[in-house]
Amino acid sequence: MKKIIIAFYIFIVCSFIQGAAFADCPAHLNVEVRKLRSDETINLCEAFSGKPMLIVNTASHCGFTPQFKGLEALHKKYTEKGLVVLGFPSDDFGQEADDEEKTAQVCYLDYGVTFTMFSPVSVKGSAAHPLFKELAKQTKAPTWNFNKYVLDSKGNVVEHFSNFTSPKSKDLQAVIESVL
């Protein structure tokens with residue numbers, strides 16, 4: 001009986017802590033997003049609350065698509081320090097595959113991506129996903145594919161980098177290290 005009471009107490013405390021963490025999560029991260037080529041959805045707050053993030057709008061058929069390799073390298077380099085890399089395919093610039101299977105092939109097979117990729121979303125204008133509306137509000141909307149947004153552990157954008165900034169950029173990595 002004592003073990004049941006202790007287990008219940010631990011459950012209550014953990015639930016309270018988890019609830020407090022979600023309460024601190026900003027509205028733009030409290031969204032459900034479907035994973036690429038999957039029926040599984042992820043609530044960004046539940047999955048990544050309290051973690052710094054690198055959010056990137058991607059495309060499968062863009063001159064910047066090879067940046068997937070560099071993004072994967074950042075993921076491998078910083079994931080143990082707490083960084084979460086999130087990719088959001090978008091056809092807003094007419095360079096995303098017509099179906100998710102092709103997008104998944106480019107990401108997972110062609111470039112070996114292991115960081116979380118989501119189903120395609122709009123990233124600019126009135127049709128933009130709420131997350132990208134807030135990123136644009138805090139900095140600027142993507143003007144092309146592979147814009148990079150570094151968020152601190154509270155969900156605030158610390159820095160925006162354009163598509164021309166390579167994932168190998170020392171400036172990008174310095175900002176990432178500043179939020180870890």
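How many bridges join β3 to strand β4, and in which sense do the two strands run? In this predicted model, β3 (residues 53-58) and β4 (residues 84-89) are parallel and are joined by six bridges. Within this pairing, isoleucine 55 has leucine 86 of β4 as its bridge partner, and threonine 58 stands opposite proline 89. The connection between the two strands includes helix α3 (residues 67-78), and β3, α3 and β4 together make a right-handed β-α-β unit.

Strand β3 also pairs with strand β6 (residues 148-151), here in the antiparallel sense and over four bridges. Leucine 54 is matched with valine 150 of β6 in this pairing.

Strand β3 is mostly covered, with six of its six residues buried. In a regular strand, side chains alternate between the two faces of the sheet. From β3, Met53, Ile55 and Asn57 point one way, whereas Leu54, Val56 and Thr58 point the other way. Residues of both sets are buried.

The sheet as a whole is open and comprises five strands in the order β5-β4-β3-β6-β7, with mixed pairing. Strands β5 (116-117) and β7 (157-161) stand at the edges; each has a single partner strand, so one side of each is left without a neighbour in the sheet. Helix α3 packs on the sheet and touches β3, β4, β5 and β6. The direction of α3 makes about 165° with that of β3. Helix α5 (residues 130-138) likewise packs on the sheet, where its contacts are with β3, β4, β6 and β7. For α5, the angle to the direction of β3 is about 110°.

The largest nonpolar core contains 23 residues. Leu44, Ile55, Leu86, Phe88 and Phe132 have the most contacts inside this core. Two or more residues each are contributed by α2 (44-48), β3, β4, α5 and β6. Ile55 and Leu86, which are among the residues with the most contacts in the core, are also bridge partners across β3 and β4. When residues up to four places away in sequence are not counted, phenylalanine 132 touches Ile55, Asn57, Phe88, Val121, Ser122, Val123, Pro142 and Tyr149. A second core, separate from the one described above, has 22 residues, including Tyr78, Cys107, Val113 and Phe115.

Methods:
Residues are numbered from 1 along each chain as its sequence is written. This is a predicted model: local features need pLDDT of at least 70, side-chain atom pairs count only at pLDDT 80 or more; totals for chains, interfaces and linings use all residues. Side-chain values use heavy atoms; hydrogens and water are left out. Buried means under 20% relative accessible area, exposed over 50%, partly exposed in between (1.4 Å probe, protein chains only). Two strands pair if DSSP finds at least two bridges between them. A crossover is right-handed if, with the strands pointing away from the viewer, the path from the first strand over the helix to the second runs clockwise. Contact means heavy atoms within 4.5 Å. Axes are lines fitted to C-alpha atoms, for helices over the stretch in contact, and angles run from 0 to 180 degrees between N-to-C directions. A nonpolar core is a set of buried Ala, Val, Leu, Ile, Met, Phe, Trp, Tyr and Cys residues joined through side-chain atoms within 4.5 Å.
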